[in-house]
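This report is meant for someone meeting the structure for the first time. Please look over the sequence and the model below before reading on.

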Amino acid sequence: MEEIRAWRHVFKLDPNKPIDDERLERLCESGTDAVIVGGTDGVTIDNVLDLLARIRRFSVPCALEVTDVEALTPGFDVYLVPIVLNSRQAEWIIGRHHEAVKQYGDVMNWDEIFAEGYCILNPACKAAELAEADAALTDDDVVAYARLAAHLYRLPIFYLEYSGVYGDPSLVEKVKQVLDQTQLFYGGGITTPEQAEHMARYADTVVVGNAIYDEFEQALATVAAVKQMAGQRSGDDGK
Ligand SMILES: CC(C)=CCC/C(C)=C/CC/C(C)=C/CC/C(C)=C/CC/C(C)=C/CC/C(C)=C/CC/C(C)=C/COP(=O)(O)OP(=O)(O)O
Ligand SMILES: O=P(O)(O)OC[C@@H](O)CO
Ligand SMILES: [Mg+2]
């Protein structure tokens, strides 16, 4: 858990999208705290292994976000397991997980597996469609999911997911206020350092995904922006 606690900025690489060696190197050497490999569709054992082997040339920590058991492989530093708290289907909250543990229970090292309590707030994103997320939520609904994640289920991570669109910083702030031990991940629509810095005021960990493929230089610039804000926050805490 300690390794994840230190993550302030992470890049999420989609195995279903191409990235050339030069860009991958710049990304891994950017000073980001970790690289997460994950996506909602087109994730296969072949494209996961290819990306893992290429990322392993660098020292950056590497996590697999498990969305399909067919694409599971040893070799990652940690495994992140999404639980979609606002899904309408039990399959995405417990069902797939039950099946996976039936299959892999004997070989699982629980010390390297971390649950992510997802609250998906962009109804149009692929993950929301797949998991049938109820994204028509008030701020109070979202805060209640965060409290459940933190205090009833005691999940290590609560993930405010706006995949593809930039979310509401004031809601991220409200959610942060009700979490203590549970780490707040924010992801969605970050394409500029300013947006990254704003979310880093409240979120413990800022995730940058699509901008890697759409706005590469801007995506790289989010690392310094998040690190600067994280430094300010730890300075504030130290007073
Ligand atoms: C053999 C070996 C190494 C074993 C290791 C042990 C281990 C880790 C076992 C797994 C245990 C386990 C409990 C697994 C769960 C399996 C599973 C399939 C769970 C369901 C996951 C889930 C709820 C998926 C729903 C979709 C979702 C929340 C995806 C998260 C990623 C996400 C939001 C991506 C963003 O969307 P994207 O695809 O990027 O969209 P765009 O392409 O439009 O950007
Ligand atoms: O791709 P974007 O919109 O940056 O979102 C990042 C991540 O939260 C996706 O799961
Ligand atoms: Mg994506």
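## Strand 7 and its partner strand 6

Tyr159 has Phe185, a residue of strand 7, as its bridge partner. This pairing belongs to a predicted model, and in that model strand 6 (residues 157–161) runs parallel to strand 7, with 5 bridges between the two. To pass from strand 6 to strand 7 the chain goes through helix 7 (residues 169–177), and the resulting β-α-β crossover is right-handed.

Is strand 7 enclosed by the rest of the structure or open to the outside? Of the 5 residues of strand 7 (residues 183–187), 5 are buried, so the strand is largely enclosed by the rest of the structure. In a regular strand, side chains alternate between the two faces of the sheet. Here Gln183, Phe185 and Gly187 point one way, while Leu184 and Tyr186 point the other way, and all of these residues are buried.

## From strand 7 to strand 8

Strand 7 also pairs in the parallel sense with strand 8 (residues 205–208), this time over 3 bridges, and Gly187 finds its bridge partner in Val207 of strand 8. The connection from strand 7 to strand 8 runs through helix 8 (residues 193–200), and this β-α-β crossover is again a right-handed one.

Helix 8 itself has 6 of its 8 residues buried, so the helix is largely enclosed by the rest of the structure. The buried residues in helix 8 are Pro193, Gln195, Ala196, Glu197, Met199 and Ala200.

## The closed barrel

How do the strands close into a barrel, and in what order? There are 8 strands in the barrel, they follow the order 1-2-3-4-5-6-7-8, and their pairing is parallel. Neighbouring strands of this sheet are turned against each other by 30° on average, with direction ignored. Strand 1 (residues 9–13) is joined to strand 8 by 3 bridges, and the two strands run parallel; Phe11 stands opposite Val208 of strand 8.

Elsewhere in the barrel, strand 4 (residues 78–84) and strand 5 (residues 113–120) pair in the parallel sense over 6 bridges, and Val84 is placed opposite Tyr118 of strand 5. Together with helix 4 (residues 95–104), strands 4 and 5 make a right-handed β-α-β unit. Strand 5 is in turn paired in the parallel sense with strand 6 over 5 bridges, where Glu116 has Ile157 of strand 6 as its bridge partner.

## The listed binding site

An unreviewed UniProt entry lists Asp14 and Thr40 under "binding site". These residues are spread over 27 residues of sequence, yet they cluster in space, with a largest C-alpha distance of 8.5 Å.

Asp14 is found in the loop between strand 1 and helix 2 (21–28), and it counts as buried because 21 C-beta neighbours lie inside 10 Å, where the cut-off for a buried residue is 20 or more. Leaving out residues up to four places away in sequence, Asp14 touches Gly39 and Gly209. Thr40, by contrast, is partly exposed, with 19 other C-beta atoms within 10 Å, and Thr40 lies in the loop between strand 2 (34–37) and helix 3 (45–55). Apart from neighbours within four places in sequence, Thr40 is in contact with Thr67, Lys126, Ala127 and Leu130.

## The nonpolar core

In soluble globular proteins, nonpolar side chains tend to be buried together. The largest nonpolar core of this model has 68 residues, among which Ile120, Leu160 and Val206 touch the most other members. Helix 10 (residues 216–238) supplies the largest share of this core, namely 7 residues.

Which residues does Val206 touch, when those up to four places away in sequence are not counted? The contacts of Val206 are Arg8, His9, Tyr186, Ile190, Ala196, Met199, Ala200 and Val226. Among them, Tyr186 is one of the buried residues of strand 7, while Ala196, Met199 and Ala200 are buried residues of helix 8.

## The start of the chain

Met1 lies in the segment before helix 1 (2–5), and with 11 C-beta neighbours inside 10 Å this residue counts as exposed. Met1 and Val78 are 77 residues apart in sequence, and their C-alpha atoms are 9.4 Å apart in space.

Conventions:
Residues numbered from 1 in each chain as written. Chains lettered and ligands numbered in written order. Predicted model: local features only at pLDDT ≥ 70, side-chain atom pairs only at ≥ 80, totals over all residues. Buried ≥ 20, exposed ≤ 12 C-beta atoms within 10 Å, placed from the backbone. Helix = DSSP H or I, 4+ residues; strand = E, 2+ residues; numbered from the N terminus. Pairing = 2+ DSSP bridges. Right-handed = clockwise from strand over helix to strand, strands pointing away. Axes fitted to C-alpha atoms, helices over the stretch in contact; angles between N-to-C directions. UniProt positions renumbered as here; feature names shortened; annotations may be inferred. Contact = placed C-beta atoms within 7 Å. Core = buried A, V, L, I, M, F, W, Y, C linked by C-beta atoms within 7 Å.
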